[in-house]
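Hi,

Here is the structure I promised to send over. Have a look at it first, and then read on for my notes.

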Amino acid sequence: MEWKIIRLDEVDSTNEYAKGIAPSSPEGTVVVAKRQTAGKGRKGRFWASPEGGLWVSVILKPNRSDPRLVFVGALAVVDALADFGIRGWIKWPNDVWVGGKKIAGILTEGKAGKFVVMGIGLNVNNEIPSDLRETATSMRAILGKRLELNEVTNRVLDHLGRWYKIFQRNPLKVIEAVKERTILINREVKVIHSDGEISGTAVDILEDGSLLIDTGEGKVRVVYGDVSIRPI
Ligand code: ATP
Ligand code: BTN
């Protein structure tokens, strides 16, 4: 993929900016910001985005929108981390964890049939706010040194282009790769959603990208959206 990169010093959210320009921008347009003043996660949750991290949104124009696209972003992050010697794992559906802490999150948004904006937040050299230190980490914290942010950006975009191509040809290849890199399979998990919780063992990721939980009384298919998964 030929990327066309728009670099900003500061923006509210690269996803918001990208959604604004997406209708008139070609696929492969990328928005990167040094810092975000209103970075966001799923369900509008706050995403800490001080200088030093990778805050990027990529405009894609797939033939049809597919919720499994989020995995393309997660795989790109895991493979980019590996290039720097870090073993990362996908926490289904949209987080990447290293050593029990969250290092990256993916947020896909878009307009059905028109465009998808894939936002990736990856903690590279940035400080982790004190209230997140128990649950979040960065590449700098793991490696004990600062990295060249541009190099990390290029690695992530290279892998993203590659996985996106694979996804377009055969989405099941992407599901297979996610299965190999997930921390959840065979783990006890708690699924928290708007009308309650269920606990069980995560046993599989199905072709449609949903997570299969064995509750002991039967198997339940969890579609991502309004759910949070906690390994227990
Ligand atoms: P869970 O699945 O555990 O509920 P989630 O993936 O649904 O998490 P998101 O909305 O995806 O949660 O991510 C937002 C959350 O990530 C915030 O509530 C905050 O706890 C955490 N967070 C915010 N900024 C960062 C950051 N820079 N690095 C790591 N974690 C962060
Ligand atoms: C999550 O874990 O919920 C996803 C976090 C996604 C954060 C990235 S940073 C770049 C892009 N812009 C945003 O406002 N969010 C995404």
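Below I go through the domains, some strand pairing and the surroundings of the two ligands.

One thing to keep in mind throughout: this is a predicted model.

Let's start with the overall layout. The domain assignment splits the protein into domain 1, covering 4-180, and domain 2, covering 188-231. Their C-alpha centres are 24 Å apart. Where they meet, 10 residues of domain 1 are in contact with six residues of domain 2. On the domain 1 side, helix 5 (residues 171-180) gives the largest share, with four residues. That side of domain 1 has seven nonpolar residues, three charged ones and no polar ones.

Next, the strands. Strand 8 (residues 188-193) is a good one to click on, as it pairs with strand 9 and also with strand 12. With strand 9 (residues 196-205) it runs antiparallel, joined by six bridges, and the two form a hairpin with two residues between them. If you want a landmark there, Lys190 stands opposite Ser199 of strand 9. The pairing of strand 8 with strand 12 is antiparallel as well, over five bridges. Here Ile192 has Ser228 in strand 12 as its bridge partner.

Ser228 takes us to ligand 1, since Ser228 is also among the residues that come nearest to that ligand. There are 17 residues around ligand 1, and the others that come nearest are Gly41, Arg42, Arg45 and Ala136. Strand 6 (101-111) and strand 12 (227-231) each supply at least two residues of this shell. By class, the shell around ligand 1 holds six nonpolar, six polar and five charged residues.

And which residues come nearest to ligand 2? They are Ser13, Gly41, Gly105, Gly119 and Gly121, out of 21 residues around ligand 2. You'll recognise Gly41, which is on the list for ligand 1 and again on the one for ligand 2. Helix 1 (14-21), strand 3 (54-60), strand 6 and strand 7 (115-122) each supply at least two residues of the ligand 2 shell. Strand 6 therefore deserves a look from both sides, as a contributor to the shell around ligand 1 and to the shell around ligand 2. The class make-up around ligand 2 is 12 polar, six nonpolar and three charged residues.

Shout if you'd like to go through any of this together.

Cheers

Definitions and conventions. Residues numbered from 1 in each chain as written. Chains lettered and ligands numbered in written order. Predicted model: local features only at pLDDT ≥ 70, side-chain atom pairs only at ≥ 80, totals over all residues. Near = placed C-beta within 6 Å. Nonpolar A, V, L, I, M, F, W, Y, C, P; charged D, E, K, R; others polar. Pairing = 2+ DSSP bridges. Domains from an automatic or database assignment. Contact = placed C-beta atoms within 7 Å.
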